[in-house]
Amino acid sequence: MLKLISPVPVFCSAAIFAAALPAFANQYTIFVGNLAFIYIILTLGLNLLLGYTGLLAFVNAALFGIGAYATAIARTKFGIPYGFALPLGGLAALAVGVVVALPALRLTGLYLALASISFAQFAVWVFAHWDPVTGGPTGIRMAAVAYGFSGSWETVHYYVSLAICIASVVVTSNILRSRVGRSFVAIRESEVAAEGLAIDLTRTKTTAYGLSALYAGIAGGLFAPILTLVVPESYDLFQVIVQFAMVVVGGLGSIAGAIFGAVGLIGVQEALRATKELQEIAFGGMILLTVLFLPSGLAGLLRKYLPEWREPLRRRGDDR
Amino acid sequence: MLPFLLTSGLTTGALYAMVAIGLVLVYRSTGHINFSHGELFMLGGFFAYSLIMFAGLPYVVALFLAVILSFLLGVISDRLVYRPLIKAPGLTMVLATVGFSYLLKGIGRYFWGGKGEYLSIPAIVDPAPIFINDIPILPQQLIVLGAAVAFMVAFALFFSRTKAGKIMQATSENPTASYLVGIRVENVYTWTWGVGAAVAGAAAVLMTPLTLITPDIGATLLIKAFAATILGGLGSMTGAVVGGFAVGLIEQLASGYIDTSLQEIAAFLVIMVVLVFRPAGLFGVYGQRRA
């Protein structure tokens with residue numbers, strides 16, 4: 001018998017609700033919904049790295065930026081239509097992600113964290129200083145996407161983001177059921193044991209970095225047009241914190257958690273949009289409180305109160 | 001130009017060395033990097049700013065009070081973040097301290113941000129430069145340099161000569177054995193976090209008259225201190241000092257002779273080059289790292 005309270009039916013109803021939303025929502029709700037889809041993609045990507053493979057890297061905000069910049073540059077400088085510029089953004093982030101991963105493969109734990117946080121800072125510096133390409137501190141301004149449908153382009157963009165978001169959820173859950181996904185988790189649990197099972201550490205970790213970068217790049221490509229402006233500040237260390245908070249509050253190593261975390265925290269960010277300091281306090285505080293009191297995040301609560309809820313490959317020992 | 005670059009390189013280097021000492025102190029005894037260390041520096045500077053500008057206290061008194069407040073902040077970090085997670089894996093601890101750093105940054109911005117964003121406190125001495133062999137030197141630079149060296153010497157003596165210092169060293173060497181000989185290891189950790197924060201606070205108060213202090217300074221400074229510790233070898237106190245001065249000098253020389261914009265990313269380049277070619281740094285042993 002099909003259980004109603006289990007990931008697939010709940011996810012399908014959420015997707016139907018999201019698809020119906022523009023019919024009775026205003027422009028602002030559509031904007032926030034669009035943002036939520038983008039952050040779900042980002043959080044899924046970061047979760048592959050942080051939650052499933054156990055690699056502590058701060059690079060995803062920078063890769064998100066690279067995806068956004070690559071899409072914007074492809075459109076404004078080369079006149080490439082958005083349908084091609086978006087995947088180009090994803091590929092650019094993938095390429096940079098893999099190149100950055102190569103030296104990072106030698107590093108573990110704290111060394112990886114230190115190297116990647118400085119890479120994040122460096123990327124923002126490049127965005128702000130490489131004037132001929134990135135437009136420097138003023139960034140790149142671009143026209144709205146001409147989708148060729150009637151109605152506002154924001155609504156069409158909303159559906160594009162929704163479709164890609166649904167695709168990422170499905171792809172992620174399939175990857176996690178595959179040999180590759182199981183290898184990620186094996187590495188998280190023990191690198192030595194994983195090697196003992198003939199898992200190629202270098203290749204598997206590079207795959208994790210690459211996939212995560214691809215998600216971040218595509219999210220960047222979707223994010224670039226909704227503000228019609230790409231500026232360095234959007235991709236600084238605060239962006240890292242926002243993404244970390246989504247992964248941690250939602251629950252490390254959980255797809256449902258990534259969705260709850262992204263949607264919930266986009267709500268918090270919008271509520272506090274006017275004041276940077278309150279956003280910092282809220283996001284920093286939420287990470288700290290979740291780590292201290294709810295280490296498995298919202299997904300952990302879900303598993304505790306809905307024993308029917310099954311998700312593969314969650315972190316063991318997280319549920320207290 | 002060279003003497004000018006050298007003096008300013010040594011001064012900023014002394015600052016980086018002091019921040020790096022705090023990082024290494026906590027790392028050596030607990031095996032964790034405190035990602036909120038830069039924010040402890042930032043708040044130390046703001047405490048001094050408020051004490052001088054609003055309470056009207058003299059600089060030296062404000063220095064001591066700000067150091068004490070920073071110490072208390074370090075103790076709070078220990079109780080709030082470190083102790084509850086003492087048995088948690090390294091990844092959890094990094095996430096917790098990163099979250100804590102933004103909490104502190106937000107608090108800093110809430111109370112001290114928006115006042116022109118950049119705050120400074122007047123120097124204790126005549127701000128006009130003095131000339132030694134035609135090299136302009138700011139008196140405050142000499143004070144920073146002197147005070148930083150004094151702090152470092154005091155630290156070295158503290159670790160090698162005092163009982164408290166030896167207890168700290170013993171704890172970092174082997175916590176279990178320290179328990180067995182009757183050392184209260186948790187209390188040692190509390191002191192370590194406090195002292196680490198106090199050094200950062202002292203560095204901030206010394207530096208603020210020269211540079212400026214903003215709510216965002218923490219992250220920048222943390223990266224420079226990382227560069228110093230990684231160059232020196234993560235976990236080595238001598239390495240942190242040498243690395244701090246080296247990063248300060250590299251930054252100034254690179255900005256003076258190659259391109260000014262390099263000043264901002266010199267630290268990043270140092271981290272990358274060291275991690276790729278010599279992960280152990282100058283004074284560390286990579287195999288013995290505690291990650």
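Here are a few worked exercises on a predicted model with chains A and B.

**Exercise 1. Get an overview of chain B: how many helices and strands are there, and in what order do they run?**

Step 1. Start by counting: chain B has 11 helices and two strands.

Step 2. Now walk along from the N terminus, and you'll meet α-α-α-α-β-β-α-α-α-α-α-α-α.

Step 3. Next, burial: of the 291 residues in chain B, 52% are buried.

Step 4. Finally, look at contacts between residues at least 6 apart in sequence: in chain B, 76% of these join residues at least 24 apart.

**Exercise 2. Find B:L221 and work out whether it is buried or exposed.**

Step 1. Look in helix α9 of chain B, residues 217-232, which is where B:L221 sits.

Step 2. Count C-beta atoms within 10 Å of its own: there are 24 others. The cut-off for buried is 20 or more, so B:L221 is buried.

Step 3. Skip anything up to four places away in sequence, and B:L221 touches B:V19, B:G38 and B:F41.

Step 4. Pick up B:V19 and do the same with it. Leaving out neighbours within four places, B:V19 contacts B:L221 along with B:H37, B:F41, B:A200, B:A203 and B:A225.

Step 5. For a sense of distance, try B:F155: it is 66 residues from B:L221 in sequence, and their C-alpha atoms are 21 Å apart.

**Exercise 3. Say which residues touch the most other members of the largest nonpolar core.**

Step 1. This core has 207 residues, and the ones touching the most other members are A:I41, A:A120, A:A245, B:A17, B:V19, B:A203 and B:I271.

Step 2. Ask which helix gives the most to the core: that's α8 of chain B (residues 185-207), with 15 residues.

**Exercise 4. Describe the side of chain A that touches chain B.**

Step 1. Here 32 residues of chain A are in contact with 35 residues of chain B.

Step 2. On the chain A side, α5 (109-129), α11 (237-250) and α13 (276-293) each supply at least two residues. The most come from α13(A), which gives 12.

Step 3. Sort that side by class and you get 21 nonpolar, eight polar and three charged residues.

**Exercise 5. Work out how α2 and α12 of chain A are placed relative to each other.**

Step 1. The axes of α2(A) (residues 27-52) and α12(A) (residues 255-271) come within 8 Å and cross at roughly 135°.

Step 2. Angles over 145 degrees would count as roughly antiparallel, and 65 to 115 as roughly perpendicular. The two helices are therefore oblique to each other, and the crossing is right-handed.

Step 3. Check who meets whom: residues of α2(A) including A:V32, A:L35 and A:Y39 meet residues of α12(A), among them A:I255, A:A258 and A:I266. By class, this contact has 12 nonpolar, three polar and one charged residues.

**Exercise 6. Compare the surroundings of A:A198 and A:T228: where does each lie?**

Step 1. A:A198 is in the loop between α9 (191-196) and α10 (201-227) of chain A. A:T228 is in the loop between α10 and β2 (229-230) of chain A.

Step 2. Check phi. A:A198 has a positive value of about 65° although it isn't a glycine. Phi of A:T228, also a residue other than glycine, is positive and near 50°.

Step 3. Count C-beta neighbours within 10 Å. A:A198 has 7, so it counts as exposed. A:T228 has 13, so it is partly exposed.

Definitions and conventions:
Residues numbered from 1 in each chain as written. Chains lettered and ligands numbered in written order. Predicted model: local features only at pLDDT ≥ 70, side-chain atom pairs only at ≥ 80, totals over all residues. Core = buried A, V, L, I, M, F, W, Y, C linked by C-beta atoms within 7 Å. Buried ≥ 20, exposed ≤ 12 C-beta atoms within 10 Å, placed from the backbone. Helix = DSSP H or I, 4+ residues; strand = E, 2+ residues; numbered from the N terminus. Contact = placed C-beta atoms within 7 Å. Nonpolar A, V, L, I, M, F, W, Y, C, P; charged D, E, K, R; others polar. Axes fitted to C-alpha atoms, helices over the stretch in contact; angles between N-to-C directions. Parallel < 35°, antiparallel > 145°, perpendicular 65-115°, else oblique. Left-handed = near helix turned anticlockwise from the far one by under 90°.
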